[in-house]
Amino acid sequence: MKLLVTGGAGYVGSVCATVLLERGHEVVVIDDLSTGNADAVPAGAEFVEGDVRVRAPEALADGGFDGVLHFAARSLVGESVLEPEKYWHGNVVTSLALLDAMRATGTPRLVFSSTAATYGEPEHSPITESDPTRPTNPYGATKLAIDHAITSYANAYDLAATSLRYFNVAGAYRSAGENRVVETHLIPLVLQVAAGHRDRISVFGTDWPTPDGTAVRDYIHVLDLAEAHLLALDAAAPGRHDIYNLGSGAGFSVREVIESCRRVTGLPIAVEDAPRRAGDPAVLVASSERAIAELGWKPTHTDLDEIVADAWTFLQSLGDRAHSAPKV
């Protein structure tokens, strides 16, 4: 298939583009490099730099595309609260422009990078796709709004669409991994301490109702995530919008993640306890039973040390290309 990958210079987009190329697909990547890295675009993909709102309609107008994988988005929760306009324009308006371009050119398939943030603070665990969607920040709200828009376009215009709601993506694959200017994910932050890029890692809350008092999250290897995108492309049916949670189905606490990073790196990692952050749930774990049953997907890289080891190998490979915050 000939596929357009928006946000393909970012973490998940670049891994998915890599796997698509390995499976023999033709890939065109569009990214404005506002958060992505040009060197993350895999060799063999055509790269178009620019705003998806402009470049995607131009690319699709050339014809011949079998589908779109839409990763391009702003994704910082804190920033979305302080500057919501960036998220409503950057996420929702951009996605509507993409949907309109797909409709105009008859591009038949869409796989959308959604998020567990659409659920907000869950009432129970594990979270299923039928649970209430009550996002607690503009980031989650914009992703949910896009899901609603996709449903409307699928119903009205016969679009074959799938939304994949990720939980905590981690790990790396080949030369693709996490290398953000502003990093908020736990595993790369802890590994930055091991690498000497940060002095310590903060643990936000040690009195949660969990076995060790720290928050529990579901970590999914980015390669398992990429496999789900390929399955979603194949399974998409005209006039239907399917939504799937993607997680390992297991939860690891913050302290378990830190201990895994110590084991993998063999290095000391300084920790400081900090108060809970408002809006943080104690436990976020996915039920991926629908994806397993309907897509035939099964995560195979679920060992926490394996996920951490892949992320650590990638971080070490970056050398002076690694983004990191100043020491504190």
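**Close-up views of a predicted model**

**View 1. Ser 113 and Tyr 166 touch through their side chains.** A polar contact of 3.2 Å joins the side chain of Ser 113 to that of Tyr 166. The model shown here, as in every view, is predicted. Ser 113 sits in strand E5, which spans residues 109-115. Its relative accessible area is 8%. The cut-off for buried is under 20%, so Ser 113 counts as buried. Beyond its neighbours within four places in sequence, Ser 113 is in contact with His 70, Phe 71, Lys 143, Leu 164 and Tyr 166. Tyr 166 thus appears both in this contact list and as the polar partner of Ser 113.

**View 2. Helices H1 and H7 cross obliquely.** H1 covers residues 11-22 and H7 covers residues 222-235. Their axes come within 9 Å. The crossing angle is roughly 60°. Angles of 65 to 115 degrees would count as roughly perpendicular, and those under 35 as roughly parallel; H1 and H7 are therefore oblique to each other. The handedness of the H1 and H7 crossing is right-handed. On the H1 side, the contact residues are Tyr 11, Val 12, Val 15, Cys 16, Val 19 and Leu 20. On the H7 side, they are Val 222, Leu 223, Leu 225, Ala 226, His 229, Leu 230 and Leu 233. Of the residues in this contact of H1 with H7, twelve are nonpolar, one is polar and none is charged.

**View 3. Asp 51 lies in the loop between strand E3 and helix H2.** E3 runs over 46-49 and H2 over 52-61. The relative accessible area of Asp 51 is 30%, so this residue is partly exposed. A polar atom of the Asp 51 side chain lies 2.8 Å from the backbone nitrogen of Arg 53. Outside its neighbours within four places in sequence, Asp 51 is in contact with Asp 32 and Ala 56. Asp 31 is 20 residues from Asp 51 in sequence. The C-alpha atoms of Asp 51 and Asp 31 are 6.8 Å apart.

**View 4. Ser 130 is an exposed loop residue.** The loop lies between E5 and helix H5 (138-157). Ser 130 has a relative accessible area of 63%. The cut-off for exposed is over 50%, so Ser 130 counts as exposed. Its side chain makes a polar contact of 3.0 Å with the side chain of Thr 128. Ile 243 is 113 residues from Ser 130 along the chain. A C-alpha separation of 9.8 Å divides Ser 130 and Ile 243.

Definitions and conventions. Residues numbered from 1 in each chain as written. Predicted model: local features only at pLDDT ≥ 70, side-chain atom pairs only at ≥ 80, totals over all residues. Heavy atoms only, no water. Helix = DSSP H or I, 4+ residues; strand = E, 2+ residues; numbered from the N terminus. Buried < 20%, exposed > 50% of the residue type's maximum accessible area, 1.4 Å probe, protein only. Polar contact = N/O pair within 3.5 Å; in protein donor to acceptor, adjacent residues only side chain to side chain. Contact = heavy atoms within 4.5 Å. Axes fitted to C-alpha atoms, helices over the stretch in contact; angles between N-to-C directions. Parallel < 35°, antiparallel > 145°, perpendicular 65-115°, else oblique. Left-handed = near helix turned anticlockwise from the far one by under 90°. Nonpolar A, V, L, I, M, F, W, Y, C, P; charged D, E, K, R; others polar.
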